[in-house]
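Visitor: I should like to go through this model with you. Could we settle one term before we begin?
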Amino acid sequence: MYKRQIKRLKENNNFVLAAQNILRLSEAYKQANHLQEALDLAKEAHEIMLKFNGKIHLLSASSSGYLGSIYIYQEDWKNAEPMIQHSMVVRSKLLGEFNTKVCIPYINLAIIYMHTDRLDAAEELLLKALMIREKRFGRLHQDVAITLYELANLRGLQMNINEALTLHLEAYEIRKTKLGLVHYFTNKSRLALALSLIHI
């Protein structure tokens with residue numbers, strides 16, 4: 001379905017709409033764990049967004065952030081970082097640095113920093129994202145739980161095991177309440193909580 005629609009949009013010179021559908025197709029491949037296909041499509045969509053919208057545009061920032069997220073999934077930190085940086089800078093410029101839509105690149109960049117031994121920089125971004133999301137949504141919110149989960153991972157790397165356990169437990173309780181016991185993110189928190197308990 002997406003392929004036919006993309007072809008038709010390109011034939012009618014609706015390249016930005018085509019790129020948005022390419023990103024949707026990329027996400028379908030990503031969910032099916034066909035990462036190379038997802039990556040190739042994301043690159044194509046991002047090139048179109050840059051060509052027709054320029055770098056300083058929210059659609060370009062979104063496609064950059066999505067492309068970066070695939071690199072993160074592949075643990076390709078070198079290629080992920082400039083994509084996430086671009087998304088963060090553009091969203092901050094156009095929306096303001098305290099907008100909730102900037103929190104996604106804050107957290108993704110923090111993940112990159114955690115895996116490249118820049119823990120202080122990761123902490124600064126995660127605490128900023130937590131402050132923004134908690135102020136906007138309250139403490140008991142899935143977006144807050146995502147931030148708490150990554151902050152807990154950071155505390156583990158910093159060898160602050162007790163705080164890591166506390167944060168993982170809070171993220172788990174929020175996810176259990178908001179998403180249910182069998183949700184992917186709830187299970188992810190349950191596993192992280194179990195691993196934290198092993199290290200006490």
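Guide: Certainly. A residue is called buried when its relative accessible area is under 20%, exposed when that area is over 50%, and partly exposed in between. Please keep in mind that this is a predicted model.

Visitor: With that in hand, which residues of α7 are buried?
Guide: In α7, the buried positions are Ala122, Leu125, Leu126, Ala129, Leu130, Ile132 and Arg133.

Visitor: What do the buried residues of α7 pack against?
Guide: Their packing partners are α5 (77-95), α6 (103-114) and α8.

Visitor: How far does α7 reach from its first C-alpha to its last?
Guide: With 19 residues, α7 reaches 26 Å, which is close to the 27 Å expected at 1.5 Å a residue.

Visitor: What phi does Gly138 take just after α7?
Guide: Gly138 has a positive phi there, of about 85 degrees.

Visitor: Let us step back to the whole fold. How many helices and strands does the protein chain have?
Guide: The chain contains 10 helices and 0 strands. Its radius of gyration is 18 Å, close to the 16 Å that the globule rule gives for 200 residues, so the chain is as compact as a globular protein of that length.

Visitor: What box do the C-alpha atoms fill?
Guide: Taken along the principal axes, the box is roughly 60 × 35 × 30 Å.

Visitor: And what share of the chain is buried?
Guide: Buried residues account for 42% of the 200 residues. The chain exposes about 10800 Å², and carbon and sulfur atoms supply 56% of that area.

Visitor: Among contacts between residues at least 6 apart in sequence, what percentage join residues at least 24 apart?
Guide: The figure is 52%.

Visitor: Now the charged pairs. How many salt bridges are there in the whole structure?
Guide: A search of the whole structure gives 8 salt bridges. One of them pairs Glu44 with Lys10, where the closest N and O atoms are 2.6 Å apart. Glu44 belongs to helix α3 (residues 35-53) and Lys10 to helix α1 (residues 2-11), so this pair ties together parts that are 34 residues apart in sequence.

Visitor: Are Glu44 and Lys10 buried or exposed?
Guide: Neither label applies. Glu44 counts as partly exposed because its relative accessibility is 28%, and Lys10 is also partly exposed, at 27%.

Visitor: What does Glu170 pair with?
Guide: Glu170 forms a salt bridge with Arg139, and their closest N and O atoms are 2.6 Å apart. Since Glu170 lies in helix α9 (residues 161-179) and Arg139 in the loop between α7 (119-137) and α8 (142-157), the pair ties together parts that are 31 residues apart in sequence. Glu170 is partly exposed at 23% relative accessibility, and Arg139 is partly exposed at 29%.

Visitor: Staying with α9, where do Lys176 and Glu173 lie?
Guide: Both are in helix α9, 3 residues apart, which is about one turn of the helix. They form a salt bridge whose closest N and O atoms are 3.3 Å apart. Lys176 has a relative accessibility of 30% and counts as partly exposed; Glu173 is partly exposed as well, at 33%.

Visitor: Which residues are joined into one network by salt bridges that share partners?
Guide: That network consists of Glu123, Arg155 and Glu163.

Visitor: Changing topic: is Leu41 buried or exposed?
Guide: Leu41, in helix α3, counts as buried because its relative accessibility is 15%, below the 20% cut-off.

Visitor: What does Leu41 touch?
Guide: Leaving aside residues up to four places away in sequence, Leu41 touches Ile22, Leu25, Ser26 and Tyr29.

Visitor: How far is Leu41 from Ala110?
Guide: Their C-alpha atoms are separated by 25 Å, and the two residues are 69 residues apart along the chain.

Visitor: Finally, the surface. Which residues make the nonpolar patch of about 300 Å²?
Guide: Ile56, Leu58, Leu94 and Leu95 make that surface patch. Among them, Leu58 is placed in helix α4 (residues 58-73) and is partly exposed, with a relative accessible area of 35%.

Notes: Residues numbered from 1 in each chain as written. Predicted model: local features only at pLDDT ≥ 70, side-chain atom pairs only at ≥ 80, totals over all residues. Heavy atoms only, no water. Salt bridge = Lys/Arg side-chain N within 4 Å of Asp/Glu carboxyl O. Helix = DSSP H or I, 4+ residues; strand = E, 2+ residues; numbered from the N terminus. Buried < 20%, exposed > 50% of the residue type's maximum accessible area, 1.4 Å probe, protein only. Contact = heavy atoms within 4.5 Å. Expected span 1.5 Å × (residues − 1). Patch = residues over 30% accessible without salt bridge, like charges linked within 9 Å, V, L, I, M, F, W, Y side chains within 5 Å. Areas by Shrake-Rupley, 256 points an atom, 1.4 Å probe, with all protein chains shown as cover. Rg over C-alpha atoms; globule rule 2.2 N^0.38 Å.
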